[in-house]
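Visitor: I'd like a walk through this one, with you fielding my questions as we go. Could we look at it together?

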Amino acid sequence: MATPAKRKSRVAEAGEGGGGGGGDNNCSTQSQGPAGVEGGWRRREADPAFVEGSIVRIAMENFLTYDNCVVYPGPHLNMIVGANGTGKSSIVCALCLGLAGKPAFIGRADKVGHYVKRGCDKGAVEIEVSKNPANLTITREISVANNQSTWFINKKPSTLKMVEDQISALNIQVGNLCQFLPQDKVGEFAKLSKIELLEATEKSVGPPEMYRFHCELKNYRNRELELKNALLEKNSSLEKMKQKNARYQQDVERYFEYKRHQDKIAMLESKRPWVIYDNVRKQHEEVKINRDRQKAELKALKKARSPMMQQIEEAEKECQILDSKIREKTAAIKETSEKCKQQQDALERKDKEIENVKLDLRKKREAEMDRQKRIQNTRKMIDDWNNELKNIDSTENIQPQMDSVTSALKKLQEERANVDGRINDNHRQKENLLQEKRGVADRIEQFENLMNMKEEKLRGRFRDTHIALLWLRQNRDRFKRRVCEPMMLEINMRDHRHAKYVENHISSNDMRAFVFEIQEDMEIFLKEVHDNQKLKVNAVCAPSEAWDQSKPSKPIEELHRYGFFSYMRELFDAPSPVMSYLCHQYRVHEVAIGSEKTRNMIERVIKETKLRQLYTAEERYAIKISPYTNESISSNTSLRPAQYLTVTVDADKRIQLENQKNEINRQLQSLESLKADLVEKQKQLEHRDNELRQQKKELLDKKNKKKQLESKISMKYDSLKQMEQDAINLEQETERASSKIKQINTEKVKLVAEFMQLIKTCITLNKQKTALVLQNTTSVFHKNRIEAECKAAVVQIRAVENQLMELEEKKRVLLERCKELIRKAEQACNLQPDQKIPEELSKPLKALPDTLDEIDALLNEERSRASCFTGLSPSIVEECKKRKEEIAQMTLELEQGKKELDNYRQNISKVKENWLNPLKELVEQINERFSSFFRSMQCVGEVDLHTENEEEYDKYGIRIRVKFRSSTQLHELTQHHQSGGEKSVSTMLYLMALQEINRCPFRVVDEINQGMDPVNERRVFDVVVKTACKESTSQYFFITPKLLQDLTYDKKMTVLLVYNGSSMLESRKWNLEGFRRRRRRFQP
């Protein structure tokens, strides 16, 4: 990436020069306005020294390292020389992009906007190309904002397609490594396969039609193979169809035989309905005769049944009279039974009245006995209370004791209130402390959650590291010194917004690395996690010196004016081993962190502060000193968003909260101890209070007991008097009960006499009813016997009627069946209703059997034979016929395909002759020049056309074989076998071999001599000068950062020296003639 320092570039053009020699150096410069500005512009006529398509002028504005620069190359060899970083390759980039090349061809940046100078919104490249009758000027304006380009042809707006058409017409191929070999693509030339090298060579130096012929050959070959495969497939299909049709011919013959069986089956099936009809018609005649016989039998049965019906009617009348008498007797019996039930209920009521009288007498006796017992108990209670009353002291002795107890209780209550107040105060203090403790615990938990979030990120991204962390926490006792957890957990940002600086500065491998103070502990850890657990874990060892105490080279206060606010070390906290490692490895104590202000004045910052690494708000800058110019070269990258350190934990605040939590726990323990003492004292006072209250209660009970006893005794005397008045006279009650029982028994005797009379009446009625029932049973039996005989006759009549109905139904069904069968028989023979069987059908039918069994047997036989012909259908005949037509059609297509294949092969022969012979001549020319160049260097080189199969035109390729030492064999040029210098020499000489053939207008080779030793570099340089400076050769650009001394130069070559630096003159002030005149004045 270009440095942000402002750079001015000058390109001097030397017409003649020697290695240190002093020829007449004609230098010229020209200052122009920005590329693409149209003021006063007109097209220049083509210079005959330039080959059509060669480069006449290259103008750059705000492009990579250049503010404004114009380069005028010569028509032959152009040596572009300058130190690394001055902008030589920038000219190559301008040439590629200005000629519609893609950024990918250069291999430097993937977006065209990256080629605009930093700090500028737009850049431009203008290329003037030699063309008859007037030169062609192509302008490309590049916008950084949308990464888009605007194209102009001869200062008029145009499109990329139009530009590409113009460039293609001039045979300019910036994507062909044989023509355009930028610095970053030099290594890729050796990687080209033989096939790719052939295509690149065809495009570069072959006739215009050569590559087209090659493509046509490949297409013809592919089409030939397609046709050949298609013909083989068709031929195979044709043979299969012929074989299949031969098999199908047998199926056709079998089908006709099958058809004969089917015809006989059809004839049998036509005869079968007529045979069935004859059988059913005979059955119908038989049923008709049986029906007439059943009608006569039914008439006789109905005539014999008439007398039985009259006898049944007489028997039913007699049964009805007897039933009426039985119902009368039943009603009389029911009425008498009801009267008996009423008498019985009256007797039960009298018994119950006697029981109630006896129960009342028993209750009165029990009540009197209970009254006597209560009187005795009351008198005894009164005597006991009188004795107790005599033993009670007087109230004068009790009062002083009560006053003493009351005074003690009052003092005790005051003391208890004091203790309760202290307990309440203790409780409030404890609640306040617990609430404060919960708040502190919540804040500590928030810190723990933040740490857990960091650990979850570690577990999600680096699972092996997390497993090793868990093992470390369980096995810290195995280590002699302190072991720090992964840095991403140990590093605590003071402000989460600054996390992006630390994460972009420290590598991801170190962010998840464990930090050890001594090597021995690290080896124990790695042996366990690497060897035993097979985990992929990183570990580092902190330096033995205390790097965490290192001071920066400049106080941060001196950098405040540049927008710097801190060094990186001050942005975070970390344990001493971690901080020592970061200071030693990443120099975090010397990495300054700046703001947007720093970015706006970055060029001044780099120049004045001499910092090696710094950060602005969104970018990281690394500054190096150029070994050639001693200038500062910077590179910058955008900062990635932070991923691991965005969670910030205030370590001091957490320690403060832990101390606060411990202090609260200590105070809570003190309050718990005080509360236990107060509770114990409260229990003692409560116990003493209970004792005094009990004493007071006992004294009060003694004081009130005498009055209570006197009151109770008075009440009991009243109760005793009332009980004595409530006495019951048992003798009178006994006499009264006996009188009631006698009266009730007298009433019972009368009821019993009436009940016995009703029983006798009920027995008489039952005897009369029984006689009537027996008589009725005899009548019913007689009636049932007659009805049974009548029913048997009815059943017989109904049976005959059913048989008659069945015969009628059977006759009707058979008649319908006959009609249906004759219709089916007529349909089977395709006859109209009532139509007679034709003579031509009647004879074959008569020749068939007349019985159904014989017809069925013959049908089964024919069907069995027909069933042997499986898989046959009428379509087989049609398919066989259709397949014969297809075979004829395919045979015709096969003949046409063979003719088409022969035509393609003739075309291939013609195109091959037009392509292969010129190609062999071209390769031979390249080989002749390539071998000559290698011989001039005392080495061996060959170029040949290589293929494994002459017919596979996509496998043709150019093979380069070289030998740099006499003791070795020729080896093919590959990316692995030869050294870097050998590959560079081979590539350069191959390109020079192409140079003399001269089809492309210019070639570009960028720094291909970097890997060559001085001997090979000198030899290659001589070959380049000799070849590229010949007449009628194409233009050549050779870019190099250095040249050997005492090289051979040619008058036709142009040397372009690229200078770069802050003290350079602007191009519009550059006056080479003025410099030369001034020098002549100072020369003696």
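What follows is a set of questions and answers on the chain, its strands, its backbone and its salt bridges.

Guide: Before you start, this is a predicted model, so to speak: local features need pLDDT of at least 70, side-chain atom pairs count only at pLDDT 80 or more, and totals for chains, interfaces and linings use all residues. Residues are numbered from 1 along each chain as its sequence is written, and side-chain values use heavy atoms, with hydrogens and water left out.

Visitor: How many helices and strands does the protein chain have?

Guide: Helices (H or I, at least four residues) and strands (E, at least two) are DSSP runs, numbered from the N terminus. On that count, the protein chain comes to 25 helices and 25 strands.

Visitor: What share of the residues counts as buried?

Guide: Buried means under 20% relative accessible area, exposed over 50%, and partly exposed in between (1.4 Å probe, protein chains only). Of the 1084 residues in the protein chain, the buried share is 40%.

Visitor: And among contacts between residues at least 6 apart in sequence, what percentage joins residues at least 24 apart?

Guide: A contact here means heavy atoms within 4.5 Å. For the protein chain, with pairs at least 6 apart as the pool, the part that joins residues at least 24 apart is 76%.

Visitor: Which strands stand at the edges of the open sheet of 3 strands?

Guide: Two strands pair if DSSP finds at least two bridges between them. The order in this open sheet is E20-E21-E22, with antiparallel pairing. A single partner strand each leaves one side without a neighbour in the sheet, so the edge strands are E20 (940-946) and E22 (971-972).

Visitor: Which residue in E21 stands opposite Asp-944?

Guide: E20 and E21 (residues 957-963) pair in the antiparallel sense over 7 bridges. In E21, the residue opposite Asp-944 is Arg-959.

Visitor: Where does the cis peptide bond to Pro-133 start?

Guide: Most peptide bonds are trans. Pro-133 lies in the loop between E5 and strand E6 (136-143). The bond leading to Pro-133 has omega near 5°, and the residue on its other side is Asn-132.

Visitor: Which residue in the turn of the E6 and E7 hairpin has a positive phi?

Guide: E6 and E7 run antiparallel, joined by 6 bridges, and Arg-140 has Trp-151 in E7 as its bridge partner. The hairpin has 4 residues between its strands. Most residues other than glycine have a negative phi. The one in the turn with a positive phi of about 55° is Asn-147.

Visitor: What about the hairpin of E7 and E8: which residue takes a positive phi there?

Guide: E7 and E8 are antiparallel too, with 3 bridges, and Phe-152 is matched with Pro-157 in E8. This hairpin has 2 residues between the strands, and the residue with phi near 55° is Asn-154.

Visitor: Is Asn-154 buried or exposed?

Guide: Asn-154 sits in the loop between E7 and strand E8 (156-158). Its relative accessible area is 13%, so Asn-154 is buried.

Visitor: On to charges. How many salt bridges does a search of the whole structure find?

Guide: A salt bridge is a side-chain nitrogen of Lys or Arg within 4 Å of a carboxyl oxygen of Asp or Glu. Some are linked in a network, one made of Arg-57, Glu-126, Glu-128 and Lys-155. Over the whole structure, the number of salt bridges is 31.

Visitor: How many residues apart are Arg-118 and Glu-619?

Guide: Their side chains meet in a salt bridge (3.9 Å, N to O). Arg-118 is in the loop between helix H2 (103-106) and strand E5 (122-129), while Glu-619 is in strand E18 (residues 619-625). Arg-118 counts as partly exposed at 34% relative accessibility, and Glu-619 as buried at 9%. The pair links distant parts of the chain, and the separation is 501 residues.

Visitor: Which helix holds Asp-370 and Arg-374?

Guide: The two side chains meet in a salt bridge, 3.1 Å from N to O. Asp-370 is partly exposed at 40%, and so is Arg-374 at 37%. Being 4 residues apart, they are separated by about one helical turn, and the helix is H7 (residues 306-391).
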